[in-house]
Amino acid sequence: MLTFLKEIFTWWNRQTLGTRIHTMFKGKLVGKDKYKNKYYEDKNGKRWVIYNGEIETTKIPQEWYSWIHYTKNKIENNHDLKRFSWQKDHQ
């Protein structure tokens, strides 16, 4: 019950009730990242993220950053990027 009330009255604790309804009826799941964030798109091309836990825009890893911002590049459809040994994981 408390989770449902949080969903109705707050926007910083995951998705709101309106986002949940919009996702159920119009959203198509495109993929998930290693942080369990879910990426959706509707048939008109609108894209959004359902975050796992608290909403924080810096939780989008680099593999999905270009996709969510409509940036065309050659790795857009391939989310398995080559990582070097000196690169740290996104936090």
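One salt bridge is counted in this protein, and the structure that holds it is a predicted model rather than one determined by experiment. The partners in that salt bridge are E41 and R47, whose side chains come to 3.3 Å of each other, taken from N to O. This report starts from that pair, places it in the sheet, and then turns to the rest of the chain.

**The chain as a whole**

The protein has 91 residues, of which 25% count as buried, and its secondary structure consists of three helices and three strands. Read from the N terminus, these elements follow one another in the order α-α-β-β-β-α. About 7300 Å² of the protein is exposed, with carbon and sulfur atoms supplying 56% of that area. When contacts between residues at least 6 apart in sequence are considered, 32% of them join residues at least 24 apart.

The confidence of the prediction deserves attention from a reader new to the model. The mean pLDDT is 79, and 71% of the residues reach 70 or more. Among the elements, helix α1, covering residues 2-9, has the lowest mean pLDDT, at 65, whereas strand β2 has the highest, at 94.

**The sheet and the helix packed on it**

The three strands make up an open sheet, arranged in the order β1-β2-β3 with antiparallel pairing. At its edges lie β1, residues 28-32, and β3, residues 47-50, each of which pairs on one side only. From one strand to the next the twist averages 30 degrees. Helix α2, formed by residues 17-26, packs on this sheet and touches β1, β2 and β3, its direction making about 120 degrees with that of β3.

Strands β1 and β2 run antiparallel and are joined by four bridges; within this pairing K28 stands opposite E41. These two strands form a hairpin with five residues between them, and K36 in the turn has a positive phi of about 70 degrees. On the other side, β2, which spans residues 38-41, pairs with β3 in the antiparallel sense, again over four bridges. There Y40 faces W48 as its opposite residue in β3, while V49 in β3 is the bridge partner of Y39. The hairpin of β2 and β3 also has five residues between its strands, and in it G45 adopts a positive phi near 100 degrees.

In a regular strand, side chains alternate between the two faces of the sheet. In β3 both faces are covered, since R47 and V49 on one side and W48 and I50 on the other are all buried.

**Around E41, R47 and Y70**

E41 is found in strand β2. Setting aside neighbours within four places in sequence, its contacts are K26, G27, K28, V30, K46, R47, W48 and W67. The C-alpha atoms of E41 and L29 are 6.7 Å apart, although the two residues are twelve apart in sequence.

Y70 belongs to the segment after α3, the helix of residues 62-68. Not counting residues up to four places away in sequence, Y70 touches G45, K46 and R47, and thus R47, a partner of E41 in the salt bridge, is also among the contacts of Y70. Between the C-alpha atoms of Y70 and G45 the separation is 9.4 Å, with their positions 25 residues apart along the chain counted as distance in sequence.

How accessible these three residues are is set out below.

| Residue | Relative accessible area | Class |
|---|---|---|
| E41 | 22% | partly exposed |
| R47 | 17% | buried |
| Y70 | 46% | partly exposed |

R47 counts as buried because its 17% is under the 20% limit, whereas E41, at 22%, is partly exposed because its value falls between the 20% and 50% limits. The salt bridge of E41 and R47 therefore joins a partly exposed residue to a buried one.

How values were computed. Residues are numbered from 1 along each chain as its sequence is written. This is a predicted model: local features need pLDDT of at least 70, side-chain atom pairs count only at pLDDT 80 or more; totals for chains, interfaces and linings use all residues. Side-chain values use heavy atoms; hydrogens and water are left out. Two strands pair if DSSP finds at least two bridges between them. Axes are lines fitted to C-alpha atoms, for helices over the stretch in contact, and angles run from 0 to 180 degrees between N-to-C directions. Contact means heavy atoms within 4.5 Å. pLDDT is the predictor's confidence in each residue, from 0 to 100. A salt bridge is a side-chain nitrogen of Lys or Arg within 4 Å of a carboxyl oxygen of Asp or Glu. Buried means under 20% relative accessible area, exposed over 50%, partly exposed in between (1.4 Å probe, protein chains only). Accessible areas come from the Shrake-Rupley method with a 1.4 Å probe; for residues, only the protein chains shown count as cover.
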